[in-house]
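Trainee: Please take me closely through one part of this predicted model, and then set that part in the context of the whole chain. I should like the reasoning behind each statement to be clear.

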Amino acid sequence: MCRRGKFRSPAHLGPSHRTADRLGWPHTGNAGYRIRGREAAILGRVVLVTGVARQLGGRFVRRIQRDPEVDRVIGVDAVPPEHHLGGADFVQTDIRQPTIARVLAESGADTVVHLDVTGTALGGGSRATVKETNVIGTMQLLGACQKSPAVRRLVVKSSTNVYGSAPRDPAVFTETTPPKSLPSGGFAKDTVEVEGYVRGFARRRPDVAVCVLRFANILGPTVDTPLASYFSLPVLPTVFGYDPRLQFVHEDDVVEVLRIASHEPRRSTLNSGTFNIAGDGVLLLSQCSRRLGRPTVPLLLPAVTWAGSLVRTLGMTDFSPEQIRLLTHGRVVDTGQMRETLGFTPRYTTAETFADFAHALGPGLLPPQTLAGAVDRVAALSARAAGHLQTHSAN
């Protein structure tokens, strides 16, 4: 039994008894209640959420329960969460296993929010486990959704990693921009495969509203992502000669846009389709390091790759090849559809998101003002040196 939420085995996932008792409906023991033996009805919405053992999943579960139109929330994960899930029911099951179909069928969920697509493992799991959960787990979940006539809405957490990071990338990616170079491995390749399976599901079940949210790098006081771990290093290794543009989205905005995608669209909006989700503006990696007070160590690309292998071996952070490409070429996405079609405006800009993350992270080796001043002085000296060289060359 889970101490952090109400544990329910798959056999006890019918609608809440209090709902039936209040309306005088007899229990059926399955996904609904019988009214005089003929018409089935469920009061309110039933939302099933995967990946609730992570902080983001837990926050979303607690938030969605407060919506008056939501009657029940079922949280699913392979391990019990360390945090509270409020009044949600928790079912410990691995989405890679066929049992997820039974959980979905017996819960009667009409909305599925798939958050168990991530780049890091829980409890020290391997990269192979993460990939299986992302890809095989998504396949099993979509198969269960396809068989369930109750499912009417599917929300999938994806990532702007699907665009990759390459030297010839466009300045800004829209949702329809094809990547110059498809990701060849890691979490980025997982997201490409996941979205492919989701598109196949949408073709087979056109009656289900499908919303895919491509999040930029998620940051905030409580997030645990590879990029957050990178920024936590005392010294930041960077690629010599590159200063990539980065976008961030605040964890609070992530929870809110997931809530919007989980409901029927508001007037003049549409929450079916694929949307880039990011805060306004961009930050250069050099700006990030100065605001953290963490010095950078520019390295040639082969040395950065070696350093990435070293920190992965030491368990300091998951400095994967795809993250090295991001920290080399950067990535910026257009968010016009997020605003105009989805009707969502983030509370935090990219800069504000990073400031909140930096405040929670604490000071680095150097005060940000001191580091910024030192960087500016070095840049000024370099500019003067370049000017002298040009003068001598002219003479």
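**Helix α7, its loop and the wider fold**

Mentor: Let us start with S268, which sits in the loop that runs between α7 and β14 (273–277). Its phi is near 70°, a positive value in a residue that is not glycine. S268 counts as exposed because its relative accessible area of 69% lies over the 50% cut-off. Please keep in mind that the model is predicted.

The helix before that loop, α7, covers residues 251–262. With 12 residues at 1.5 Å a residue, α7 should span 16 Å, and its end C-alpha atoms lie 17 Å apart, so expectation and model agree. The expected figure rests on 1.5 Å times one less than the number of residues, which is why the twelfth residue adds no further step. Whereas S268 is exposed, α7 is mostly covered, with 10 of its 12 residues buried. The buried residues are E251, D253, V254, V255, V257, L258, R259, I260, A261 and S262. The charged side chains E251, D253 and R259 therefore appear in that list beside residues such as V254, V255 and L258.

D253, which has its place in α7, deserves a closer look. Its relative accessibility of 2% makes it buried, since the limit for that class is under 20%. Leaving aside neighbours within four places in sequence, D253 is in contact with F344, P346, R347 and Y348. One of these partners, R347, stands 94 residues away along the chain, yet the C-alpha atoms of D253 and R347 are separated by 6.6 Å.

The next helix to consider is α12, residues 350–361. Its 12 residues should span 16 Å at 1.5 Å a residue, and the end C-alpha atoms are 16 Å apart, so α12 also agrees with expectation. Within α12, the buried residues are T350, T353, F354, F357 and A358. Viewed down the helix axis, these buried residues fall within an arc of 130°, so they line one face of α12. The elements that cover them include the strands β10 (217–219), β12 (245–246), β13 (248–250) and β15 (283–284), together with the helices α6 (226–231) and α8 (285–292). Just after α12 comes G362, with a positive phi of about 95°.

Contacts between distant parts of the sequence are also found elsewhere. V198 lies in helix α5 (residues 186–204) and is buried because its relative accessible area is 2%. Apart from residues up to four places away in sequence, V198 touches L142, V156, V210 and V212. The C-alpha atoms of V198 and L154, 44 residues apart along the chain, are separated by 9.3 Å. Q146, in helix α4 (residues 127–147), is partly exposed, as its relative accessible area is 33%. Outside its sequence neighbours up to four places away, Q146 touches F201, R204 and R205. Q146 and F201 are 55 residues apart along the chain, and 7.2 Å separates their C-alpha atoms. R102, found in helix α3 (residues 99–107), likewise counts as partly exposed because its relative accessibility is 46%. From R102 to A144 there are 42 residues in sequence, and 7.9 Å in space from C-alpha to C-alpha.

These pairs can be set against the chain as a whole. Among contacts with a separation of 6 or more, 79% are between residues 24 or more positions apart. The protein has 395 residues, of which 47% count as buried. Its secondary structure comes to 13 helices and 16 strands.

Two further matters may interest a biochemist: cysteines and internal space. A disulfide is a covalent bond between the sulfur atoms of two cysteines. The structure holds zero disulfides. C211 counts as buried because its relative accessibility is 0%, and C288 is buried on the strength of a value of 0% too. As for internal space, there is one cavity of 30 Å³ or more. The largest cavity contains about 30 Å³ of space. Its lining is made by T160, A216, N217, Q247, L326, R331 and V333.

To return to the part with which we began: α7 is mostly covered, its residue D253 is in contact with residues including R347, and the loop that follows α7 contains S268, a residue that is exposed.

How values were computed: Residues numbered from 1 in each chain as written. Predicted model: local features only at pLDDT ≥ 70, side-chain atom pairs only at ≥ 80, totals over all residues. Heavy atoms only, no water. Helix = DSSP H or I, 4+ residues; strand = E, 2+ residues; numbered from the N terminus. Buried < 20%, exposed > 50% of the residue type's maximum accessible area, 1.4 Å probe, protein only. Arc of directions from axis to C-beta. Contact = heavy atoms within 4.5 Å. Disulfide = S-S within 2.5 Å. 1 Å grid on protein atoms, 1.4 Å probe; cavity = no way out; pocket = protein on both sides within 12 Å on 5 of 7 lines; lining within 4 Å. Points joined across faces, edges and corners; volume = space filled by probe spheres on them.
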